[in-house]
Amino acid sequence: MIICAKYLMTGDGKTVLEDKAVLTKDGKIEKIASKEELTKAYPEEEVKDYGEATLLPGLCDMHAHLGYYYSQPDTFNYGPQLIMLYALQHAQSAFERGITSVRDMSSAHGVCKNLKLAAEKGFVKIPRITHTDTGICMTGGHAWDEVEEVDGPWEVRKEIRKQVRDGAEWVKVLTTHRSHIPELTQEELNAAVDECHRRGIKCGVHAGTNPGIQMCIDAGFDTIEHATFMTLDHAKQMAEKGIAWTPTIMAYTLLYDICKENLEKNAGKPVNDPVMQKEMKDYQYFEPAYKAYRDHFKEFYDTGVTVIAGTDMVMYQSPFLPLPRELQYMVEYGITPAQAIQTATSNPAKVLGVENERGLVKEGLDADLLVVGGDLSKDITCLNDVKLVTLGGERVFEDGIRYVGTHNMFM
Ligand SMILES: [Zn+2]
């Protein structure tokens with residue numbers, strides 16, 4: 001297939017080419033040249049010309065929870081089968097957002113592994129998945145009722161060994177929860193990083209407050225998730241040590257908006273009302289969280305820390321993988337659309353160690369491609385107008401239709 005669009009954003013954070021076309025063959029980007037050259041050299045190829053549109057790499061959501069059913073009002077109904085179907089629906093929604101790969105940062109045990117197996121067997125068509133098992137926290141730590149509780153360095157190591165045995169490709173640790181008290185000790189955090197790196201896998205950590213963030217930097221995690229109340233000095237240290245940052249701006253902004261709305265709705269209720277008390281407590285965290293991103297994102301970005309985009313949607317009825325909105329916040333807070341796109345294309349590829357396979361529109365890489373209407377380098381909201389998505393050269397979304405079934409299984 002020859003895909004033509006007026007603009008081509010390579011995904012490197014700056015380059016936008018004009019009037020280029022891409023030839024895909026055997027799942028790869030075979031050649032990038034002008035439409036005339038390609039159509040002349042390959043007259044038998046189907047040509048899709050999108051005109052005033054932008055071609056770019058398929059996006060990667062670096063903080064997904066495909067199998068996160070814990071916020072459903074009827075969790076008692078969620079047995080393994082229903083969880084799988086929920087996760088499948090979640091995964092397939094990626095295509096209409098232009099997403100071709102996700103890093104899952106904790107789902108119910110075995111969900112992502114089985115989704116990947118189902119895709120390998122051709123049962124389902126889903127984005128590429130890199131996944132952790134369930135997260136790891138201390139007893140009674142953040143999200144303790146959804147993840148594995150561990151105490152002491154040897155329990156940390158044992159849990160990681162079990163997860164690696166069961167197919168985990170990354171490890172997720174959680175260590176702070178809306179207070180300044182760090183949860184896991186430095187010794188436990190160090191053990192987690194050491195055990196992962198010794199086994200040749202990477203690890204990400206949920207840390208939002210201090211001194212938890214500094215402890216995670218010292219431990220040497222590969223990615224810090226949220227780092228909501230990080231300082232400029234933290235950002236500089238992360239840049240220096242090669243620790244990537246997944247800010248998840250949208251998740252915190254959405255929670256702030258919801259709290260604000262609920263508080264307004266319940267205005268007048270006595271402050272000792274338990275619902276009111278919860279809302280006020282949430283608001284006290286999410287308001288400064290929202291402001292921390294709004295006021296400091298650009299300053300931190302400018303330190304050179306590797307930023308990776310992730311959505312972290314876990315609220316009941318929250319949208320699935322709203323990555324375009326996350327990128328829009330980044331642009332609103334001061335970076336260019338091309339830089340924002342880099343946080344969802346070549347930066348994730350580097351962090352995942354697949355930069356020789358994807359993350360850029362470059363000859364020889366996988367044909368995971370996205371075409372959106374308009375000039376994306378001028379307007380990030382062009383991402384809301386998805387025209388075409390290919391995964392390994394195969395169309396998975398085109399003109400409003402998702403191709404996710406088994407239609408070609410017996411051909
Ligand atoms: Zn998360």
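**Strand pairing, a zinc site and a helix crossing**

Trainee: What makes strands E1 and E4 (residues 47-49) a pair?

Mentor: E1 and E4 are joined by 3 bridges in the parallel sense. Pairing requires at least two bridges found by DSSP, so the criterion is met. Within this predicted model, the bridge partner of Ile3 in E4 is Lys48.

Trainee: In which sense does E1 pair with strand E2 (residues 16-25), and over how many bridges?

Mentor: The pairing of E1 with E2 is antiparallel and extends over 7 bridges. On this side, Ile3 faces Val22 of E2. The hairpin formed by E1 and E2 has 6 residues between the strands, and Gly11 adopts a positive phi near 105° there.

Trainee: How do you know that E1 also pairs with strand E5 (residues 53-57)?

Mentor: There are 2 bridges between E1 and E5, and these strands run parallel. Since at least two bridges are needed, the pair qualifies. Tyr7 is the residue that stands opposite Thr54 in E5.

Trainee: Why is strand E1 (residues 2-9) described as largely enclosed by the rest of the structure?

Mentor: A residue is called buried when its relative accessible area is under 20%. In E1, 7 of the 8 residues are buried, and the strand is therefore largely enclosed by the rest of the structure.

Trainee: What makes certain residues the protein donors of the zinc ion?

Mentor: A donor is an N, O or S atom within 2.8 Å of this metal. His63 and His65, each through NE2, and Asp312 through OD lie 2.1 to 2.2 Å from the zinc ion, so they qualify as its protein donors. Their spacing in sequence is H-x1-H-x246-D.

Trainee: Why can His63 and Asp312 be said to tie together parts that are far apart in sequence?

Mentor: His63 belongs to strand E6 (residues 59-64), whereas Asp312 is in the loop between helix H9 (274-301) and helix H10 (323-332); the pair therefore ties together parts that are 249 residues apart in sequence. Both His63 and Asp312 are buried.

Trainee: Why is helix H5 called oblique to helix H6?

Mentor: The axes of H5 (residues 186-198) and H6 (residues 212-219) come within 9 Å and cross at roughly 40°. Angles under 35 degrees would count as roughly parallel, and 65 to 115 as roughly perpendicular. The crossing angle fits neither class, so H5 is oblique to H6.

Trainee: Is that crossing of H5 and H6 left-handed or right-handed, and which residues make the contact?

Mentor: H5 passes H6 in a right-handed crossing. H5 contributes Gln186, Leu189, Asn190 and Val193 to the contact, and H6 contributes Met215, Cys216, Asp218 and Ala219.

How values were computed
Residues numbered from 1 in each chain as written. Predicted model: local features only at pLDDT ≥ 70, side-chain atom pairs only at ≥ 80, totals over all residues. Heavy atoms only, no water. Donors = N, O, S within 2.8 Å, 3.2 Å for Na, K, Ca; no water. Helix = DSSP H or I, 4+ residues; strand = E, 2+ residues; numbered from the N terminus. Buried < 20%, exposed > 50% of the residue type's maximum accessible area, 1.4 Å probe, protein only. Axes fitted to C-alpha atoms, helices over the stretch in contact; angles between N-to-C directions. Parallel < 35°, antiparallel > 145°, perpendicular 65-115°, else oblique. Left-handed = near helix turned anticlockwise from the far one by under 90°. Contact = heavy atoms within 4.5 Å.
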